[in-house]
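This report looks at how side chains and helices pack together in one protein chain. The sequence and the structure are shown first, and the discussion follows.

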Amino acid sequence: MSSQQLLVRQVVRSARKARAYDNIRANFSLKVHRNVRVISSSVTRSAASAPKLKSTPNSTPPPPSSEPAPQREQSWLTTKVKSSPLLFSIFLSVARILGYGSPQQFANRRALLLYNTLCATRADEASAFWREECALPPTFQSWFTVTNLHVWLLTVRLRALPAPHGTHHVQGLIDHFFQDVEERLRAVLQPGVLPPRSSSPNLSSAAAEDGSPYPHSSFYTTPAPLAPKSAFPSTKAYQEAVKLQKRSRAPEKLITRQMKILKEQWAGMGMTLDLGLVRGDAEMAAAVWRNLLGARGASGIGLGQEGNSSSYRRAVNLVGGLVEDVRKLDVDKEELKDDNSGVHDFAPSENDRYIGYPELMVTLVSYIRRESLRLERLDDSVIMGPRRVGREGEGIQNLRWGDI
């Protein structure tokens, strides 16, 4: 057998393995999508109550690790195929036969780049607006809410693509969204389970370092990673730190419950915004007020004295989430309970912030209408891209959202 035939056989074998991996990943994504949902206040509460390393008089806290992750070396086969145009052409032909160039595969890879560029980074790009104008606290819940809004905006346009491209792109976008959400949730509630994400703007190199294809966010804070063993004064101190970190992790049951809540929030926001898209700006403004602004002032604007605990009030979701039986729920009592989410009615000293709420809702509704209309006017070929292997990211930068 010649060396050329041997290389072709190895290319075919590698392509089959790649397709098997894609099938496993697709099934996992679908499973995650079916079991997921949106984070409640207990995420912030659990992260805040997690035990932290305590410094001792004889030692200083170990600094966070700054060692760069080693670059993954390419295999001999990969180097050989890339260096030979003939072998590269054979590899692509075999990959297409095995489904690598199928419409669903193209849609999934395009959806990944659309999500990373247009959705996952939007909270960081307009951070000042969300934090100051909308008074959203810098938490994972706030990041999810902002990202969910832009996932919906993109979904509205993808649903208009001709079949089966619309279904494939929407499914790919939602799968990537909830895979990213689960990874971020575990980073907050189960520190150390997943490697910390790289803050490098180059996502391809960052994915090679930490294994995640999704971008880092500085909108909210995640627990600092455990320092390397060499930074500890002794092996025993390092082992104690590892044990302490493991004890601070939330149980898997909490992760599952929070993912279910997150999916309920995703579905609820999508349905209300769809209704607002059809019924008009008043309905859209109501959806924005409930989903983005925390329904502040739903029970009226409190005029109590500053410092009076009864002036605190938050909106309580009576459907889904942690509510199992509405008849057993004391709504008035729950509204006065601080859930550490940071989203609640303004204090009496801040009542003047309600004056700007109508203008704020007009700003958000105008932004949603403007961006949905802009995407509607774009040709389908611009949304789907060239649909060629290695060119899935072309034109995505031109789809970036405008200023709010």
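Does F177 count as buried or exposed? In this predicted model, F177 counts as buried because its relative accessibility is 0%.

## Aromatic pairs

The neighbouring ring tells a similar story, since F178 is buried with a relative accessible area of 0%. F177 and F178 form an aromatic pair that is classed as tilted, with 5.1 Å from centre to centre and 45° between the planes. Ring pairs also join these two residues to others, in a cluster made up of Y115, F144, F177, F178, Y214 and W266.

The count of aromatic pairs comes to 11. One of them is formed by F140 and Y220, an edge-to-face pair with a centre-to-centre distance of 5.7 Å and an angle of 80° between the planes. This pair links distant parts of the chain, given that F140 belongs to helix α8 whereas Y220 sits in the loop between α10 (203-210) and α11 (235-247), 80 residues apart. Both F140 and Y220 are buried.

## The largest nonpolar core

In soluble globular proteins, nonpolar side chains tend to be buried together. Here the largest nonpolar core holds 65 residues, and the members that touch the most other members are Y115, W130, W143 and L364. At least two residues of this core come from each of α5 (103-119), α7 (127-133), α8 (140-158), α9 (165-189), α12 (252-279), α13 (281-291), α15 (357-377) and α16 (380-384). Of these contributions, that of α8 is the greatest, with 10 residues.

W130 deserves a separate description. When its neighbours within four places in sequence are left aside, W130 is in contact with R122, A123, A135, L136, V146, L149, H150, F219, L364 and I404. One of these partners, L364, is itself listed with W130 among the core residues that touch the most other members.

## The crossing of α3 and α4

How do the axes of helix α3 and helix α4 cross, and at roughly what angle? The axes of α3 (residues 76-83) and α4 (residues 85-97) come within 5 Å and cross at roughly 105°, which makes α3 roughly perpendicular to α4.

At the residue level, K80, V81 and S83 in α3 meet P85, L87, F88 and F91 in α4. Sorted by class, this contact between α3 and α4 comprises five nonpolar residues, one polar residue and one charged residue.

Technical notes. Residues numbered from 1 in each chain as written. Predicted model: local features only at pLDDT ≥ 70, side-chain atom pairs only at ≥ 80, totals over all residues. Heavy atoms only, no water. Core = buried A, V, L, I, M, F, W, Y, C linked by side-chain atoms within 4.5 Å. Buried < 20%, exposed > 50% of the residue type's maximum accessible area, 1.4 Å probe, protein only. Helix = DSSP H or I, 4+ residues; strand = E, 2+ residues; numbered from the N terminus. Contact = heavy atoms within 4.5 Å. Axes fitted to C-alpha atoms, helices over the stretch in contact; angles between N-to-C directions. Parallel < 35°, antiparallel > 145°, perpendicular 65-115°, else oblique. Nonpolar A, V, L, I, M, F, W, Y, C, P; charged D, E, K, R; others polar. Phe/Tyr/Trp six-rings, centres within 6.5 Å; stacked < 30°, edge-to-face > 60°.
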